[in-house]
Amino acid sequence: MAPLTFLGIESSCDDSAAAVVRSDGTILASVVEGQAALHAPFGGVVPEIAARAHAEKLDGCVSRALAEAGVSLGDLDAVAVTSGPGLIGGVLSGVMLARGIAAATGLPLVGVNHLAGHALTPRLTDGLDFPYLMLLVSGGHCQFLLVSGPGSFRRLGGTIDDAPGEAFDKVAKLLALPQPGGPPVEAEAATGVARFPLPRPLLDRPGCDMSFSGLKTAVLRTRDALVAEHGGLRRQDRADLCASFQAAVAAVLAEKTRRALAESGALVLAVAGGVAANGAIRAALQGVCDALGVRFTAPPLRLCTDNAAMIAWAGIESWQAGLVDPANLVARPRWPLDASAAPMIGSGKKGAKA
Ligand code: KG4
Ligand code: ZN
């Protein structure tokens, strides 16, 4: 049977993206246009600016993806589009563009859950078999999912407030480091010593839920104490504070991962999201997996962070499993993958959490 070819469209947060992917796992093109420069003056993603930028950029991304892939609309089998969860204006831009393409070409449409896109990526990049445990850690997401099929996700826990990437970003802001905060905080931490006693939130409670907002407040208090003591924040103190913060995040993620692996019995851990780029966090997760004899995988970073190849791939997987539901084409700001899990109250700067 000839492989299927899907166009994927993603616009749920601050990346406009389009990709062309085949069911044999070939990524023919993956175009991502970020909006970091547009949001930088505001210190966070501004939903209205994001929606407008998606509306302006998405069709260009689609044209580029088709050109790079060397295919025309007539060569496609379907269009897959993120229909939630995320910032509603951006999601609507993508869904409307996909509907337009479908109306003009007669191609079928597949509405994809953005989190399913992240969660199914290791099948595209590493050919993982079901089941596996996915830890999604980014600026907007933080959850453990036991992935047992293209539409079968069990949520084992997640953040009750901020996502870890959001905490890195806020800590960077507190310490006058640039945005997004993860890379500069990691760079500072590399020259520091984790000597400040910061909390390890929720480690004293059973289960896999996490919390990062108290940690950020503890960083603020420590910073203020240092400033009061020395009349300003000294270079080495800033590096030590970054190292202490990063060590706390890594310790919490490692221990909760150990619990999620024990609870699920999964033999493979896959990590995705921008925070997976952090060397100390990766090393901590690798350590947990080594101790338990569990395989550890992380898709390449460009497929770990927001992109449209994962949306095309999740569309292909749902299509092949007969799970395509027209009801999924309604743009939804909130859309938990595991409808049986208790809803979370957190809602981060990058939009609604699922
Ligand atoms: O997955 P992503 O590109 O976008 C979404 O949030 O969906 O993740 C971006 C987040 C930002 O909060 C950024 O600060 C964080 O990932 N991040 C990092 C690192 N690189 C990016 N956090 C910690 N260490 C890093 N090296
Ligand atoms: Zn994402």
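**Unusual backbone, a covered helix and two cores**

Let me begin with alanine 176, which is exposed, with a relative accessible area of 65%. This is a predicted model, and in it alanine 176 has a positive phi of about 60 degrees although it is not a glycine. The residue sits in the loop between α5 and α6. As background, most residues other than glycine have a negative phi, and most peptide bonds are trans.

Please keep that background in mind for the next residues. In the loop that joins α5 (164-174) and α6 (182-189) we also find proline 180, and the peptide bond leading to it from glutamine 179 is cis, with omega near -10 degrees. Leucine 202, in the loop between α6 and α7 (213-230), likewise is a residue other than glycine with a positive phi, here near 65 degrees. Is leucine 202 buried or exposed? With a relative accessible area of 12%, leucine 202 is buried.

Let me turn now to helix α4, which covers residues 114-126 and reaches 19 Å from its first C-alpha to its last, close to the 18 Å expected at 1.5 Å a residue. At the start of this helix, a side-chain oxygen of asparagine 113 comes to within 2.8 Å of the backbone nitrogen of leucine 115. Further along α4 there is a kink of about 40 degrees at leucine 120, shortly before proline 122. The helix is mostly covered, in that 11 of its 13 residues are buried, and among them are His114, Leu120, Pro122 and Arg123. Just after α4, glycine 127 takes a positive phi of about 60 degrees. Then, in the loop between α4 and β6 (132-137), comes proline 131, and the peptide bond from phenylalanine 130 to this proline is cis, with omega near -5 degrees.

Finally, the interior. The largest nonpolar core has 83 residues, and those with the most contacts inside it are Phe212, Phe245 and Leu269. Helix α8, residues 235-264, gives the most to this core, with 12 residues. Why does the core lie between domain 1 (5-123 + 303-339) and domain 2 (130-302)? It lies there because both domains give residues to it. If you would like one residue to look at, take phenylalanine 245, whose contacts, leaving aside residues up to four places away in sequence, include Ala167, Phe168, Leu198 and Val219. There is also a second, separate core of 25 residues, which includes Ala18, Ala29, Leu107 and Ala331.

Methods: Residues numbered from 1 in each chain as written. Chains lettered and ligands numbered in written order. Predicted model: local features only at pLDDT ≥ 70, side-chain atom pairs only at ≥ 80, totals over all residues. Heavy atoms only, no water. Core = buried A, V, L, I, M, F, W, Y, C linked by side-chain atoms within 4.5 Å. Buried < 20%, exposed > 50% of the residue type's maximum accessible area, 1.4 Å probe, protein only. Helix = DSSP H or I, 4+ residues; strand = E, 2+ residues; numbered from the N terminus. Domains from an automatic or database assignment. Contact = heavy atoms within 4.5 Å. Expected span 1.5 Å × (residues − 1). Bend = angle between axes of the 7 residues up to and from the residue. Polar contact = N/O pair within 3.5 Å; in protein donor to acceptor, adjacent residues only side chain to side chain.
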